[in-house]
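Please open the structure in your viewer and keep the selection tool at hand. The tour below proposes one selection after another and states what may be found at each stop.

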Amino acid sequence: MPELPEVETVRRGLQTHTVGRTITHTLQLHPRALNPKSNAGLEVLDGAKILSIERRGKFLWFVLDRPFVLSAHLGMSGQFLVDPVDHRHTRAILHLKKGSKKSVIHFNDQRTFGWLSIEETINQMPISVQSIAPDIFESSFDSKNVARVITQRSISIKTAILNQNILSGIGNIYADESLWLAKIHPESRTNELKVSDVERLIKAAQEVMKKALEVGGTSFDELYINVNGESGYFDLSLNAYGQEGKACPRCGTEIRRIKFANRSSHFCPKCQKK
DNA sequence: GGAAATGTTTACCG
DNA sequence: CCGGTAAACATTTC
C-alpha cells in the first residue's frame, strides 16, 4: 500500500521516536515478518543503538551502531506503530529504552507482504536496495537521464514509472495521478514519447508526491496510518485513482478504469490520449 | 461467491 | 535479452 509519501511519513515518525534509543530486546510473532534472505534473526538487534532512519523509494532501514542494518519493506499493508493499543496483526516488536524511558515499536502487517531483514550495506545502502534506482526526491536523481533511458525502451509508460529499477518511489496511486496531471495515457509506448514528455511526467510525479507528503500521504482506510496511528489526507485530492465513473476534474469526462499489467489503471479518456 | 486492494518476485510464453 | 501476462504470497472488505 505505501508509496514514497507514505513511507517517508513513516520514516519521519520513526526518526522522531526511535533515534538515540537502544533496542533492549525483540519479539518475532509471525514467521513471515523476517525476510528469508535476512542474515540473522532479530535477536542480533539486542543492545544496538538506533542512529538514524534512512529511505530510498519504498525501502526503509535503521542505521545502528553495528556493522549491519535493520531494513524494512512495508509491502501492501505494513505499518510501524509507536506504543500501540491495538495488537491485531502485530508481526514483530522492538522494545526500546533511553535511560529509564521505555517504548515499543510494533511492526504490523495484515497481508504479510512486508518484511524486516538484517543486512549488510554496500556504499551505505542495504543489499536489498542495491538494484533500486534513486527515488524522485533524491539529490542524485537525474531527471533528464532517466527520461532518456525510458524513451529508449519500448514498454508502456506506466510500466516504466512503476519499475523501481528505473526510478523508485512511485506505486499504483501516484502513477495514475501523475499520468493524469501530465495528460499522458498509461499505455503510451515509451519509444513514441518525447524525452520532454517523460520529463514533464516526472515533474508531475514530484509535484503530486510533494503535495501528498505535506498532508501525510494517502489513506483509504486503516491500512495506511503513520506511526501514531493517524491517517493521511491525500485521498481527498485524488483526481484519477479510484475515481472510475466520476467526472474528470479538468474536462468533466467520466474517468475510466482498465486492467493493465495485472493492476487497475484510472485515466481520463479525453485528456489522456494514446 | 467473486473481485479487488497503495508491492515484489518469479515463471512462462512469444 | 526484451516485453507481456499471470500467478504467487495472505488477508480483508465490498
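Does arginine 200 count as buried, partly exposed or exposed? The model is a predicted one. Select arginine 200, which is found in helix H5. Its relative accessibility is 38%, so arginine 200 counts as partly exposed, given that this class lies between the limits of 20% and 50%. Now add serine 265 to the selection. The two residues are 65 residues apart along the chain, and their C-alpha atoms are separated by 19 Å.

**Second stop: the loop between H5 and S11**

Select threonine 253, which lies in the loop between H5 and S11. With a relative accessible area of 25%, threonine 253 is partly exposed. Then draw a line from its C-alpha atom to that of alanine 182: the distance in space is 16 Å, while the separation in sequence is 71 residues.

Stay with this loop and select phenylalanine 220 and tyrosine 241, both of which belong to the loop between helix H5 (195-214) and strand S11 (256-260). These two aromatic residues are 21 residues apart, and the pair links distant parts of the chain. A pair of aromatic rings is described by the distance of the centres and the angle of the planes. Here the ring centres of phenylalanine 220 and tyrosine 241 are 5.7 Å apart and the planes are at 20°, so the pair is stacked; the limit for that class is an angle under 30 degrees.

**Third stop: other aromatic residues**

How many aromatic pairs does a search of the whole structure find? The search finds 5. Select Phe62, Phe80 and Phe107 together, since these residues form one aromatic cluster. Next, display tryptophan 180 with arginine 250. Arginine 250 lies over the face of tryptophan 180, at 3.8 Å from the ring centre.

**Fourth stop: a pocket**

Rolling a probe the size of a water molecule over the atoms shows where empty space is left. Turn to the second largest pocket, whose volume is about 350 Å³. To find its centre, select Gln79, Asp86, Asn108, Glu222 and Ile225, which are the closest to that centre of the 19 residues in the lining. Strand S5 (78-82) and strand S7 (101-109) are the elements that give two or more residues to this lining. S5 gives the most, with 3 residues. Colour the lining by class, and 7 nonpolar, 7 polar and 5 charged residues will appear. Colour by domain instead, and at least three lining residues will be seen to come from each of domain 1 (4-129) and domain 2 (143-267).

**Fifth stop: the loop between S11 and S12**

Select alanine 261, which lies in the loop between S11 and strand S12 (263-267). Although alanine 261 is not a glycine, it has a positive phi of about 50°. Its relative accessible area is 56%, so alanine 261 is exposed. Asparagine 262 lies in the loop between S11 and S12 as well. Asparagine 262 is not a glycine either, yet it has a positive phi, of about 70°. With a relative accessible area of 74%, asparagine 262 is exposed.

**Last stop: alanine 48**

Is alanine 48 buried or exposed? Select this residue in the loop between strand S1 (22-28) and strand S2 (50-56). Its relative accessible area is 0%, so alanine 48 is buried. Finally, add lysine 211: the two C-alpha atoms are 35 Å apart in space, and alanine 48 and lysine 211 are 163 residues apart in sequence.

Methods: Residues are numbered from 1 along each chain as its sequence is written. Chains are lettered from A and ligands numbered from 1 in the order in which they are written. This is a predicted model: local features need pLDDT of at least 70, side-chain atom pairs count only at pLDDT 80 or more; totals for chains, interfaces and linings use all residues. Side-chain values use heavy atoms; hydrogens and water are left out. On a 1 Å grid over the protein atoms alone, a cavity is a set of points where a 1.4 Å probe fits but cannot get out, and a pocket is an open set with protein on both sides within 12 Å along at least five of seven lines; lining residues have an atom within 4 Å of a point. Grid points are joined across faces, edges and corners, and a volume is the space filled by probe spheres set on the points. Helices (H or I, at least four residues) and strands (E, at least two) are DSSP runs, numbered from the N terminus. Ala, Val, Leu, Ile, Met, Phe, Trp, Tyr, Cys and Pro count as nonpolar, Asp, Glu, Lys and Arg as charged, and the others, Gly among them, as polar. Domain bounds come from an automatic or database domain assignment. Rings of Phe, Tyr and Trp (its six-membered ring) pair if their centres lie within 6.5 Å; planes under 30 degrees apart count as stacked, over 60 as edge-to-face and the rest as tilted. A charge sits over a ring if NZ of Lys or CZ of Arg is within 6 Å of the ring centre and within 35 degrees of the ring normal. Buried means under 20% relative accessible area, exposed over 50%, partly exposed in between (1.4 Å probe, protein chains only).
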